[in-house]
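Please open the structure in a viewer and display the backbone as a cartoon. The tour below proceeds by selection, with a short account of what each selection shows.

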Amino acid sequence: MSSESSPNSFEQFYYCYSPCYIDKPHLEEGDKIIMPLSALDKLAMLDINYPMSFEVSRYSSQRVSHCGVLEFVAEEGIIYMPQWMMQNMGIQDADLVCIKIANLPKCTFIKLQPHTKDFLELTNTKAVLEKTLRSFTCLTLGDTIKLLHNNKEHFFDIIECNPASAVCINETDCEVDFVTPLDYKEPENPQPVFTSSKAPIRGPKGRQWS
């Protein structure tokens, strides 16, 4: 299913499915989708920037995110999307989604909020983040992304990104900041402990008070 807005743009509608329908589990390790070969044929005729970035939205919904593309091997009229992205956008298998080409600026700054403090307790957080984000093409303000490290899932909310609400993070040196994890709890103030004793208390000169 398609809808061409102009000869110099790309806007197509596809039925979306999760990677469980194909043998490509690595699709979960980033923000890239799999599109049909016909999409590549159309994109090849356009003057676009690389790596290719796309705006993705659920049909008849205001929710918008962005993604990259991994391969052009899907069946005609279908795309495959990481399951975490589908859940993030409220997309179910066989839902109709709109894919548009997007020209995103290079990221200069992002602020992330981890869902748990586990990630911040890793030995080299910066190195791990740089490695895991290599599987991503872009980030969108308000999204929740999933990063995989040592077979463990880490979720982050994108609470700030510059210089725009959607940015390309491919081959760019951007500053990263973290805010307090969602599962952080303020330490409780220790309460004084009162104990009772049945032992007698002795006053001055050995006098016993009861």
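**An enclosed strand**

Begin with strand E2, residues 32–36: five of its five residues are buried, so the strand is largely enclosed by the rest of the structure. The model is a predicted one, and the values given along the way are computed from it.

Next, add strand E4, residues 64–74, to the selection. E2 and E4 pair in the parallel sense, over four bridges. To see the register, show isoleucine 33 and look across to E4, where valine 69 stands opposite. When side chains are inspected along such elements, it helps to recall that in a regular strand they alternate between the two faces of the sheet.

**Threonine 137**

Now select threonine 137. Its place is in the loop between helix H3 (125–133) and strand E8 (138–140). Is threonine 137 buried or exposed? With a relative accessible area of 3%, threonine 137 is buried, because the threshold for that class is under 20%.

Show the side chain of lysine 32 as well: a polar contact of 3.5 Å joins it to the side chain of threonine 137. Then extend the selection to the other residues that threonine 137 touches, leaving aside those up to four places away in sequence. Besides Lys32, these are Asp31, Pro51, Met52, Ser53, Gly68, Val167, Cys168, Ile169 and Asn170.

**The phenylalanine cluster**

For the last stop, turn to the aromatic rings. The count comes to six aromatic pairs. One of them is formed by phenylalanine 119 and phenylalanine 156, with ring centres 4.9 Å apart and planes at 90°, so the pair is edge-to-face. This pair links distant parts of the chain: phenylalanine 119 lies in the loop between strand E7 (109–114) and H3, and phenylalanine 156 in strand E10 (residues 152–162), 37 residues apart. Phenylalanine 119 counts as buried at 1% relative accessibility, and phenylalanine 156 is buried with a relative accessible area of 0%.

Keep phenylalanine 119 on display and add phenylalanine 178. Here the ring centres are 6.3 Å apart and the planes stand at 45°, so this pair is tilted. It too links distant parts of the chain, since phenylalanine 178 belongs to strand E12 (residues 175–178), 59 residues from phenylalanine 119 in the loop between E7 and H3. Phenylalanine 178 is partly exposed, with a relative accessible area of 24%.

Finally, select the three residues together: ring pairs link Phe119, Phe156 and Phe178 into a cluster.

Key
Residues numbered from 1 in each chain as written. Predicted model: local features only at pLDDT ≥ 70, side-chain atom pairs only at ≥ 80, totals over all residues. Heavy atoms only, no water. Helix = DSSP H or I, 4+ residues; strand = E, 2+ residues; numbered from the N terminus. Buried < 20%, exposed > 50% of the residue type's maximum accessible area, 1.4 Å probe, protein only. Polar contact = N/O pair within 3.5 Å; in protein donor to acceptor, adjacent residues only side chain to side chain. Contact = heavy atoms within 4.5 Å. Phe/Tyr/Trp six-rings, centres within 6.5 Å; stacked < 30°, edge-to-face > 60°. Pairing = 2+ DSSP bridges.
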